[in-house]
Amino acid sequence: MTTEKFGEKDFQKMVGNVLRYGVWISLSVAFIGGIVYLVHHGSDIENYSVFKENDRNIFEVITAVYNGVIQGRGESIIFFGVVLLFLTPVFRVLLSLFSFLLEKDYLYVVITAIVICIIIMSISFGFSH
């Protein structure tokens, strides 16, 4: 009896599943949020002549979305679905980093780490004013 090593094909299948299920889960969450929003605000009329600036830092946004999801607010559930959609390829990059570490392919480990640093910097500085 031979034992199989966890190989590159296994990682490719796992990465494909992460992307596939991540998109479907985020789509489902955003769709449910849209239904909840329409149930509560379907007859509201929005005044588009007034611009409402939303100038908050990332921690305020995360707190507001978390509290809104707990309270069942539709717009927060939709935003949470969008966040899940954003995190799907980020998780894929993290899985790739782990894969390259197991394969001891250090050039790609460095490249993937640089990509992760760019993602973190863009999230950090994208919300600062």
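How far apart do the end C-alpha atoms of residues 21-40 lie, and what share of the span is helix or strand? In this predicted model, the end C-alpha atoms of residues 21-40 are separated by 29 Å. The span is 100% helix and 0% strand. Residues 21-40 appear in an unreviewed UniProt entry, where they are listed under "transmembrane region". The same entry lists residues 77-95 and 107-127 under that heading. Residues 77-95 are likewise 100% helix and 0% strand. Their end C-alpha atoms are 26 Å apart.

Helix H1 was examined next. H1 covers residues 8-41. The helix has 34 residues. From the first C-alpha to the last, H1 reaches 48 Å. This is close to the 50 Å expected at 1.5 Å a residue. The buried residues of H1 are Phe 11, Val 15, Val 18, Gly 22, Ser 26, Val 29, Gly 33 and Val 36. An α-helix has 3.6 residues a turn, so residues three or four places apart point the same way. Helix H3, residues 74-103, is included in what covers the buried residues of H1.

Gly 22 and Thr 88 illustrate this cover. Gly 22 is found in H1. Its relative accessible area is 15%, so Gly 22 counts as buried, the limit being under 20%. Beyond residues up to four places away in sequence, Gly 22 touches Asn 17 and Thr 88. Thr 88 is found in H3. At 7% relative accessibility, Thr 88 also counts as buried. With the same sequence neighbours left out, Thr 88 touches Val 18, Leu 19, Gly 22 and Val 23. Val 18 and Gly 22 are among the buried residues of H1. A further pair links distant parts of the sequence: Gly 22 and Phe 86 are 64 residues apart along the chain. Their C-alpha atoms are 9.3 Å apart in space.

H1 also carries a surface feature. Phe 31, Ile 32, Ile 35 and Val 39 form a nonpolar patch on the surface. Together, these residues have about 420 Å² of accessible area. Ile 32 lies in H1. With a relative accessible area of 49%, Ile 32 is partly exposed; the exposed class requires over 50%. Val 39 is found in H1 as well. At 63% relative accessibility, Val 39 passes that limit and therefore counts as exposed. Val 39 and Glu 103 are 64 residues apart along the chain. Their C-alpha atoms are separated by 50 Å. The sequence separation of 64 residues is thus shared with Gly 22 and Phe 86, for which the C-alpha distance is 9.3 Å.

Beyond H1, the chain enters a loop. Ile 45 is placed in the loop between H1 and helix H2, residues 58-71. Ile 45 is exposed, with a relative accessible area of 81%. Ile 45 and Ile 58 are 13 residues apart in sequence. In space, the two are 29 Å apart, C-alpha to C-alpha.

The salt-bridge count comes to one. Side chains of opposite charge can pair when their charged atoms come close. Arg 73 forms a salt bridge with Glu 75. The closest N and O atoms of this pair are 2.5 Å apart, against a limit of 4 Å. Arg 73 is partly exposed, with a relative accessible area of 37%. Glu 75 counts as partly exposed too, at 30% relative accessibility.

Two further sites concern H3 and the loop that follows. Pro 89 is placed within H3. At 40% relative accessibility, Pro 89 counts as partly exposed. Pro 89 and Gly 74 are 15 residues apart along the chain. Their C-alpha atoms are separated by 24 Å. Lys 104 lies in the loop between H3 and helix H4, residues 106-126. Phi of Lys 104 is near 60°. This is a positive value in a residue other than glycine. Lys 104 is exposed, with a relative accessible area of 60%.

Key:
Residues are numbered from 1 along each chain as its sequence is written. This is a predicted model: local features need pLDDT of at least 70, side-chain atom pairs count only at pLDDT 80 or more; totals for chains, interfaces and linings use all residues. Side-chain values use heavy atoms; hydrogens and water are left out. Patches are made of residues with over 30% relative accessible area and no salt bridge: like charges are joined within 9 Å, nonpolar side chains (Val, Leu, Ile, Met, Phe, Trp, Tyr) within 5 Å. Accessible areas come from the Shrake-Rupley method with a 1.4 Å probe; for residues, only the protein chains shown count as cover. A salt bridge is a side-chain nitrogen of Lys or Arg within 4 Å of a carboxyl oxygen of Asp or Glu. Helices (H or I, at least four residues) and strands (E, at least two) are DSSP runs, numbered from the N terminus. Buried means under 20% relative accessible area, exposed over 50%, partly exposed in between (1.4 Å probe, protein chains only). The expected span of a helix is 1.5 Å times one less than its number of residues. Contact means heavy atoms within 4.5 Å. UniProt positions are given in the numbering used here, feature names are shortened, and annotations may be inferred rather than shown by experiment.
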